[in-house]
Amino acid sequence: MEIQQLHAVASQVRRDIVRMVAGANSGHPGGSLGCADFLTVLYFEIMKHNPDHFSMDGKEEDLFFLSNGHISPVWYSVLARAGYFPIEELGTFRKINARLQGHPSVDKKIPGVRMASGSLGQGLSNAIGAALTKKLNHDKTLVFSLHGDGELQEGQIWEAAMYAAANKVDNLIATIDYNGRQIDGDVDDVLSLGDLKGKWQAFGWEVLEMNGHDYDSLIGTLNQAKALTGKGKPIVIIMTTEMGQGVDYMVGSHKWHGVAPNAEQLQLALDQLEETLGDY
């Protein structure tokens, strides 16, 4: 897909996000908006996957695990726009008995979702398990995962990081959404991550860095990561983003981590986001 087309998809995804959260009067717009470009590129350009024939096993397909499950609006939008389920279903976000709950779950049998997430810190362990399964099955496709920077304060992440390096889980590409914000404030103020690149290198991972809003950087770095698979090391990408990207009054503020816009704020957001594929 051309970069202009990817931009168009991401703009619509951002519209979906703010409309979903406003419609439910609940949800997490900040991180969702920040990861719209990444997930658009991942699903529409990078991953090998088949929306028409979803299976939990995902044999001969690349798999994706969302560890920071609270940014479900962006994932649901991308899945719907990629053809996993009807776009109209986005209007049921966080409604009682709907499949699209605030945190993804497997009991809802949502096409594209293979792990319940929301309890932070668990996604890397799940991704490692899937990657090892692919190795046992001689399946050459890859496993991708996404994690929040505040999530790295969870100890299980680092246990998983040690395990992956020690066991040469080299068919795994993890990405960190490094926006510097979490629910209680700036990451540096809550619990600084220090030299994050140095930490991952010390844990035995191949480390790349990219700009999460620059499409050349996204595509180039993700393709570089794919080229590094199979060489004995798991790969992590530190992705710099802005929380609330695309909506000027949300950008860079942790206050929009988990707050829904009201009707007036929603209209201000929609005025800044081009409708490209049609609203649901």
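The lining of the largest pocket divides into 4 nonpolar, 11 polar and 5 charged residues. That pocket has a volume of about 290 Å³, in a model that is predicted. Elsewhere, an open sheet of 5 strands is built with parallel pairing, and a search of the whole structure finds 1 cavity of 30 Å³ or more.

**Pockets**

- The largest pocket is lined by 20 residues. Nearest its centre lie His70, Leu120, Glu151, Gln182 and His257.
- The second largest pocket has a volume of about 170 Å³.
- Lysines in the lining of this second largest pocket are Lys134, Lys135 and Lys140. Asp139 and Asp170 also line it, as do His138, Thr141, Leu142, Asn171, Thr229 and Gly230.
- By class, the lining of the second largest pocket holds 1 nonpolar, 5 polar and 5 charged residues.

**Cavity**

- About 50 Å³ of space lies in the largest cavity.
- Its lining includes Tyr43, Met47, Phe64 and Tyr84. Glu61, Asp62 and Arg114 line the largest cavity too, together with His49 and Gly112.
- The split for the lining of the largest cavity is 4 nonpolar, 2 polar and 3 charged residues.
- Rolling a probe the size of a water molecule over the atoms is what shows where empty space is left.

**Sheet**

- The strand order in the open sheet is 1-2-3-7-6.
- Strand 1 (63-66) and strand 6 (206-211) are the edge strands, and each pairs on one side only.
- From one strand to the next, the twist averages 20°.
- Strand 2 (residues 143-148) pairs with strand 3 (residues 172-178) in the parallel sense, over 6 bridges. Within this pairing, Ser145 has Ala174 in strand 3 as its bridge partner.
- Strand 3 is largely enclosed by the rest of the structure, because 6 of its 7 residues are buried.
- Strands of a sheet pair through backbone hydrogen bonds, in either the parallel or the antiparallel sense.

**Helix 1 and the turn after it**

- Helix 1 (residues 3-24) has 22 residues. At 1.5 Å a residue they should span 32 Å, and the end C-alpha atoms are 32 Å apart, so the two values agree.
- Ala22 is found in helix 1. Its relative accessibility is 18%, so Ala22 counts as buried, the cut-off being under 20%.
- The C-alpha atoms of Ala22 and Phe93 are separated by 9.9 Å. Along the chain, these two residues are 71 residues apart.
- Just after helix 1 comes Asn25, with a positive phi of about 55°. Asn25 belongs to the loop between helix 1 and helix 2 (29-34).
- Asn25 has a relative accessible area of 61%, so it is exposed, the cut-off being over 50%.

**Positive phi at non-glycine residues**

- Asn25 takes its positive phi although it is not a glycine.
- Asn97 is not a glycine either, and has a positive phi of about 70°.
- Asn97 is found in the loop between helix 4 (72-82) and helix 5 (123-136).
- At 72% relative accessibility, Asn97 counts as exposed.

Key
Residues numbered from 1 in each chain as written. Predicted model: local features only at pLDDT ≥ 70, side-chain atom pairs only at ≥ 80, totals over all residues. Heavy atoms only, no water. Pairing = 2+ DSSP bridges. Helix = DSSP H or I, 4+ residues; strand = E, 2+ residues; numbered from the N terminus. Axes fitted to C-alpha atoms, helices over the stretch in contact; angles between N-to-C directions. 1 Å grid on protein atoms, 1.4 Å probe; cavity = no way out; pocket = protein on both sides within 12 Å on 5 of 7 lines; lining within 4 Å. Points joined across faces, edges and corners; volume = space filled by probe spheres on them. Nonpolar A, V, L, I, M, F, W, Y, C, P; charged D, E, K, R; others polar. Expected span 1.5 Å × (residues − 1). Buried < 20%, exposed > 50% of the residue type's maximum accessible area, 1.4 Å probe, protein only.
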